[in-house]
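Work through the exercises below with the model open. Try each task before reading its solution.

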Amino acid sequence: MSETLDMTAMYVMHDALRRELEHLAKATARPDDDPRALLRTAAGWELFTTSLHVHHTAEDDALWPALRRTLADRPDDLALLEAMEAEHAAVDEVIAAIDAALADPDGPLDRLGDLVDALVTGLNGHLGHEEDQTLPLIQAVATPQQWAHFGQVHGQKIGPNAPRLLPWLLDGATEDNAAVMLAPLPPPARAAYAAQWQPAYAALNRWNSGV
């Protein structure tokens, strides 16, 4: 491809996921607290898992299939896409196990810590793998139409959750990146973001700090 694709949204999402992994690790490592009780009621866990599900399913549904058609005669690149999907599935399994641990008040306390460690290691590894190998491949072979379709599907999956997920996504983003992310919104939505969505998010105690 000669035309450079704007990957701002991809990197903003990855930064947000890494940010929340740090908060998650801290929330479940607090002494003198049952991390299951903290995490079970934490808005941060629900925002994190919802956003991750949106991101990964958009890739699985809209991005990898399009690239497979383009890369049909390149087995090494197809194997990379298979690895991306396998890593998604592995992360999903750990999240399901964490949810099961949160629902079991009589389970061993150290199991949740072990699962969170596995999630932090696995997801950070996946994000790095995607950035190092898959994003350069996308930049090289994806068409602007394919990239735009992925963005459209991603936005559709966020859908009515935008008032909650967009401020979460832009927490800590640079002004330039936030401007890029907000630019496609219609003016009423941008006004709602500034006046309602972002203040409501800022008021959240999303990882139950101090509880």
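Three exercises follow, on a pocket, the nonpolar cores and a helix with a buried arginine.

The model is predicted: local features need pLDDT of at least 70, side-chain atom pairs count only at pLDDT 80 or more, and totals for chains, interfaces and linings use all residues. Residues are numbered from 1 along each chain as its sequence is written, and side-chain values use heavy atoms, with hydrogens and water left out.

**Exercise 1. Describe the largest pocket and its lining.**

Step 1. Take the volume. The largest pocket holds about 650 Å³ of space. A pocket here is an open set of points on a 1 Å grid over the protein atoms alone, where a 1.4 Å probe fits, with protein on both sides within 12 Å along at least five of seven lines; lining residues have an atom within 4 Å of a point. The volume is the space filled by probe spheres set on the points.

Step 2. Find the centre. The lining has 24 residues, and Ala9, Gly151, His154, Gly155 and Met181 are the closest to the centre.

Step 3. Assign elements. Two or more lining residues come from each of H1 (8–27), H3 (43–70), H6 (144–158), H7 (162–170) and H8 (175–182). H6 gives the largest share, 6 residues. Helices are DSSP runs (H or I, at least four residues), numbered from the N terminus.

Step 4. Sort by type. The lining splits into 16 nonpolar, 7 polar and 1 charged; Gly counts as polar.

**Exercise 2. Locate the nonpolar cores.**

Step 1. Define the set. A core joins buried Ala, Val, Leu, Ile, Met, Phe, Trp, Tyr and Cys residues through side-chain atoms within 4.5 Å. Buried means under 20% relative accessible area (1.4 Å probe, protein chains only).

Step 2. Pick the hubs. The largest core has 44 residues; Leu39, Trp45 and Ile98 are among those with the most contacts inside it.

Step 3. Look for a second core. Another, of 20 residues, lies apart and includes Phe150 and Val153.

Step 4. Trace one hub. Beyond four places in sequence, Ile98 touches Leu39, Trp45, Leu112, Leu115, Val116 and Leu119. Contact means heavy atoms within 4.5 Å.

**Exercise 3. Which residues of H8 are buried, and what does Arg19 contact?**

Step 1. In H8, Ala178, Met181 and Leu182 are buried. They fall within an arc of 90° down the axis, so they line one face of the helix. The arc uses directions from the helix axis to the C-beta atoms.

Step 2. These residues pack against H1, H7 and H9.

Step 3. Arg19 sits in H1. Arg19 is buried, at 15% relative accessible area.

Step 4. Leaving aside neighbours within four places, Arg19 contacts Trp168, Leu169, Asp171, Tyr201 and Arg206. The C-alpha atoms of Arg19 and Asp171 are 9.0 Å apart, across 152 residues of chain.

Terms used. Buried < 20%, exposed > 50% of the residue type's maximum accessible area, 1.4 Å probe, protein only.
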